[in-house]
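Dear colleague,

I am handing over the structure below, together with an account of what was found in it. Please read the text alongside the coordinates.

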Amino acid sequence: AWFVFWVLLGATFHKTAIILLPIAALASANNRYWKLLWVGLVALASYGLLLEDSVGGLYKNYMEAEYQSQGALIRLLMCAVPAAILLLWRHRFLFTPVEAGLWFWFALVALVLLVLVIVSPATTAVDRIGLYLLPLQLVVFSHLPDVFGRPAQPNRVWVGGILLYAAAVQFFWLNYAAHSFAWVPYRFYPLMD
């Protein structure tokens with residue numbers, strides 16, 4: 001219920017968040033058919049209230065125009081790697097059954113999107129969906145020291161490796177991304193001149 005609530009709240013900011021609602025039903029550990037029906041009804045009502053009037057424009061802008069996102073493949077690879085780690089070593093992650101189901105489906109969707117970005121003429125549409133999967137990176141990488149390290153130990157090598165990876169991503173994005181100039185310096189109201 002909370003997942004559905006947060007997705008609906010997110011959809012008030014960006015309508016395409018609605019596409020995450022089916023994951024709520026797929027991730028449930030019990031009464032899957034009942035939850036699938038419930039989430040389906042919420043998704044249908046949400047579609048009617050939030051998305052129906054925009055579908056034509058979204059399809060035209062993302063699919064027919066065949067927009068290309070320069071970093072789509074890299075961003076989806078950055079989700080596919082933790083997705084593969086999660087799927088290959090799923091038994092080592094200490095999740096509740098509902099959490100395990102949620103992250104399992106996030107991982108599967110991440111791998112499907114990686115294939116789609118390779119074969120699709122409209123990479124921007126696939127890239128936009130992939131943005132909703134970014135939490136998968138946070139979850140998997142935050143668990144890696146416990147998954148691959150020694151139990152109940154600091155596992156500093158794993159922690160350091162993850163920090164080094166995050167710093168490298170930030171460095172390469174700030175120095176080599178085509179649009180990084182628009183983000184540096186990032187200005188917002190309290191700190192503006």
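Of the 193 residues of the protein chain, 32% count as buried; please keep in mind throughout that this is a predicted model. The secondary structure comes to 9 helices and 0 strands, so that the order of elements from the N terminus on reads α-α-α-α-α-α-α-α-α. Among the contacts in the protein chain with a separation of 6 or more, 65% are between residues 24 or more positions apart. The chain exposes about 12,900 Å², and carbon and sulfur atoms supply 70% of that area.

I begin with helix 1, which spans residues 2-11 and whose buried residues are Val4, Val7 and Ala11. Viewed down the axis of helix 1, these buried residues fall within an arc of 65°, and they therefore line one face of the helix. Ring pairs also link Trp2, Phe5 and Trp6 into a cluster.

Next come the charged side chains. In general, side chains of opposite charge can pair when their charged atoms come close. The structure holds 2 salt bridges. In one of them the side chains of Arg75 and Asp127 meet, at 2.6 Å from N to O. Because Arg75 lies in helix 5 and Asp127 in helix 7 (residues 123-131), this pair ties together parts that are 52 residues apart in sequence. Arg128 also forms a salt bridge with Asp127, and here the closest N and O atoms are 3.5 Å apart. Salt bridges that share partners thus join Arg75, Asp127 and Arg128 into one network.

Which of these residues are buried and which are partly exposed? Asp127 has a relative accessible area of 2% and is buried, because buried means under 20%. Arg75, by contrast, is partly exposed, with a relative accessible area of 32%, and Arg128 is partly exposed as well, with a value of 34%.

The aromatic residues deserve a separate paragraph. A pair of aromatic rings is described by the distance of the centres and the angle of the planes. The count comes to 12 aromatic pairs. One of them is formed by Trp89 and Phe148, an edge-to-face pair with 5.0 Å from centre to centre and 85° between the planes. This pair links distant parts of the chain, since Trp89 sits in the loop between helix 5 and helix 6 whereas Phe148 belongs to helix 8 (residues 135-148), 59 residues apart. Trp89 is partly exposed, with a relative accessible area of 29%, and Phe148 also counts as partly exposed, at 24% relative accessibility.

A further pair is made by Phe104 and Trp105, whose ring centres are 5.4 Å apart and whose planes stand at 85°, so the pair is edge-to-face. The angle settles the class here because planes over 60 degrees apart count as edge-to-face. Phe104 counts as partly exposed at 21% relative accessibility, and Trp105 is likewise partly exposed, with a relative accessible area of 23%.

On the surface there is a nonpolar patch of about 630 Å², made by Leu73, Leu77, Val112, Val115, Leu116, Ile118 and Val119. Which helices supply at least two residues each of this patch? They are helix 5 (72-88) and helix 6 (97-119), and the largest share, 5 residues, comes from helix 6. Val112, one of the patch residues, lies in helix 6 and is partly exposed, with a relative accessible area of 49%. Val112 can belong to a patch because patch residues need over 30% relative accessible area.

One backbone detail remains, and it concerns Asn155. This residue has a positive phi of about 50° although it is not a glycine. Asn155 lies in the loop between helix 8 and helix 9 (156-176), and its relative accessible area of 10% makes it buried.

With kind regards

Definitions and conventions. Residues numbered from 1 in each chain as written. Predicted model: local features only at pLDDT ≥ 70, side-chain atom pairs only at ≥ 80, totals over all residues. Heavy atoms only, no water. Patch = residues over 30% accessible without salt bridge, like charges linked within 9 Å, V, L, I, M, F, W, Y side chains within 5 Å. Areas by Shrake-Rupley, 256 points an atom, 1.4 Å probe, with all protein chains shown as cover. Salt bridge = Lys/Arg side-chain N within 4 Å of Asp/Glu carboxyl O. Helix = DSSP H or I, 4+ residues; strand = E, 2+ residues; numbered from the N terminus. Buried < 20%, exposed > 50% of the residue type's maximum accessible area, 1.4 Å probe, protein only. Arc of directions from axis to C-beta. Phe/Tyr/Trp six-rings, centres within 6.5 Å; stacked < 30°, edge-to-face > 60°. Contact = heavy atoms within 4.5 Å.
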